[in-house]
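Let's take a walk through this model, starting with its charges and ending in one of its loops. Keep the 3D view open as you read.

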Amino acid sequence: GKTTTTAMIATILIESGLDPAVMVGGDMFALGDRGGYFGKGNWGVYESDESDGTFLNHQAQIQVLTNIDNDHLDYYKTLDSLYESFQKFLTLNPNSKKIIFIDDYGVRQVIKRVKSLENAFCITSEMSVIGRNFIRYFLKNGKLFFNKDGKWFELQTPYTGNHYLTNALCACLACLEVGVSLEQSLNILENYKGVKRRLEFLGTWKTVKIYDDYGHHPTEIRAVISSLFSIKTHPSQRVVVLFQPHRYTRTKEHFREFARVLSVADFCYLLPIYSANEKPIDGVSSDLILDNMKNKSKVQLLSGDKNKDILEILSSLKEEDLLVCLGAGNVREWGEALIQFHTPSSFCK
């Protein structure tokens, strides 16, 4: 949720007239499909990425921590080393205000190592927790309700999914520290335009709706699939995933988790691994995911030849399917080609 949360903060600050400088790891529709903007205001908002440890060079006045997953272990080697780095991140600037989503398991493991959270807003769904720095929330009917200083607020965004709502709450609290009221932030996010490749609607092929998402870690994939299930209009409508694993090292580390979360979808197409310039690893391929899927009749391994794959996909799609292209590689190209494909009516039954 780093990119989405950063984009939401940027959107609020821009719409509030604060003209911030922006640096985000995706193309924001509100910035004309750009990922950066040189504002003239007093604030800058940027996405800080933990993948190579460089986030420890940053000492922002307001820090937002949404979740910590067991990712990038090719760099960190161990989960303990990853947690240690996030512990350092939270203590880089003792005077910074911290917005921390403590319902996340990885985040909870890190804050156990931090001595003080006096300057933090700790966001939790645990209603029994009491304290000035705890922000309690609950989810109902596609909305998030949260309590701040004894008052309940209602939050809603145009994008479905619980992760969008909790990211939005983090964004609102960060902007509150800048001086934007919660009411103003909530109004702005009701019209949030989103970021390219974050559950982006690409278009339709016949009655099939096609989306694209950058999700490439099991936690992200689970959230995207959950979002699509929440927008189904009738029980027979299927959620279909076209997944392209990203990197051999990540596939080796998470193939069982990939299989588990992809099994939730009604059907799944598996592309070959997108290498991202990594060298192949013996025995590591998309077959590892396929072999661990619960129901192999609900999954189809594709060749990686786009023209052949499109014919395979279209021959098994059904009316009103929701299809999402998932991965950090070039899987979006398959979705775009599907939309442009002209085919006889024998397809998509």
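**Charges, fold and salt bridges**

The protein chain carries 40 positive and 41 negative side chains, and the centres of these two sets sit 3 Å apart. Bear in mind that this is a predicted model. Some of those charged side chains pair up: the structure holds 11 salt bridges. Before we look at a few of them, let's get a feel for the chain as a whole.

Counting secondary structure, you get 11 helices and 15 strands. The radius of gyration comes out at 21 Å, close to the 20 Å that the globule rule gives for 349 residues, so the chain is as compact as a globular protein of that length. If you'd rather think in box dimensions, the C-alpha trace spans about 60 × 45 × 40 Å along its principal axes.

How much of the chain is buried? Of the 349 residues, 50% are. On the outside, the protein chain exposes about 16,500 Å², with carbon and sulfur atoms supplying 47% of that area. As for contacts, take those between residues at least 6 apart in sequence: 65% of them join residues at least 24 apart.

Now back to the salt bridges, beginning with lysine 151 and glutamate 183. Their closest N and O atoms are 3.3 Å apart. Lysine 151 belongs to strand β9 (residues 151-155) and glutamate 183 to helix α6 (residues 182-189), so this pair ties together parts that are 32 residues apart in sequence. Both ends have some access to the surface: lysine 151 is partly exposed at a relative accessible area of 44%, and glutamate 183 is partly exposed too, at 38%.

Next up is a pair that joins two loops. Aspartate 321 and arginine 238 meet through their side chains in a salt bridge, at 2.7 Å from N to O. Aspartate 321 lies in the loop between α10 (306-316) and β15 (322-326), while arginine 238 lies in the loop between α7 (218-230) and β12 (239-243), so here the parts tied together are 83 residues apart in sequence. Are these two residues buried or exposed? Aspartate 321 is buried, with a relative accessible area of 0%. Arginine 238 counts as buried as well, at 14% relative accessibility; the cut-off for that label is under 20%.

The third pair stays within one helix. Arginine 332 forms a salt bridge with glutamate 336, and their closest N and O atoms are 2.9 Å apart. Both residues lie in helix α11 (residues 332-340), 4 residues apart, which is about one turn of the helix. Their surroundings differ in label: arginine 332 counts as buried at 16% relative accessibility, whereas glutamate 336 counts as partly exposed at 33%. And the story doesn't stop at two partners. Glu200 and Asp212 join Arg332 and Glu336 in a network of salt bridges.

To finish, let's drop in on a loop. Asparagine 93 has its place between α3 (79-91) and β5 (97-101). Despite the loop address, asparagine 93 counts as buried, at 14% relative accessibility. Which residues does asparagine 93 touch, leaving aside those up to four places away in sequence? The answer is Gln59, Ala60, Gln61 and Lys98.

Terms used. Residues are numbered from 1 along each chain as its sequence is written. This is a predicted model: local features need pLDDT of at least 70, side-chain atom pairs count only at pLDDT 80 or more; totals for chains, interfaces and linings use all residues. Side-chain values use heavy atoms; hydrogens and water are left out. A salt bridge is a side-chain nitrogen of Lys or Arg within 4 Å of a carboxyl oxygen of Asp or Glu. Helices (H or I, at least four residues) and strands (E, at least two) are DSSP runs, numbered from the N terminus. Buried means under 20% relative accessible area, exposed over 50%, partly exposed in between (1.4 Å probe, protein chains only). The radius of gyration is taken over C-alpha atoms; the globule rule is 2.2 Å times the number of residues to the power 0.38. Contact means heavy atoms within 4.5 Å. Accessible areas come from the Shrake-Rupley method with a 1.4 Å probe; for residues, only the protein chains shown count as cover. Lys and Arg count as positive and Asp and Glu as negative; His and the chain ends are not counted. The place of a charge is taken as NZ of Lys, CZ of Arg, CG of Asp or CD of Glu.
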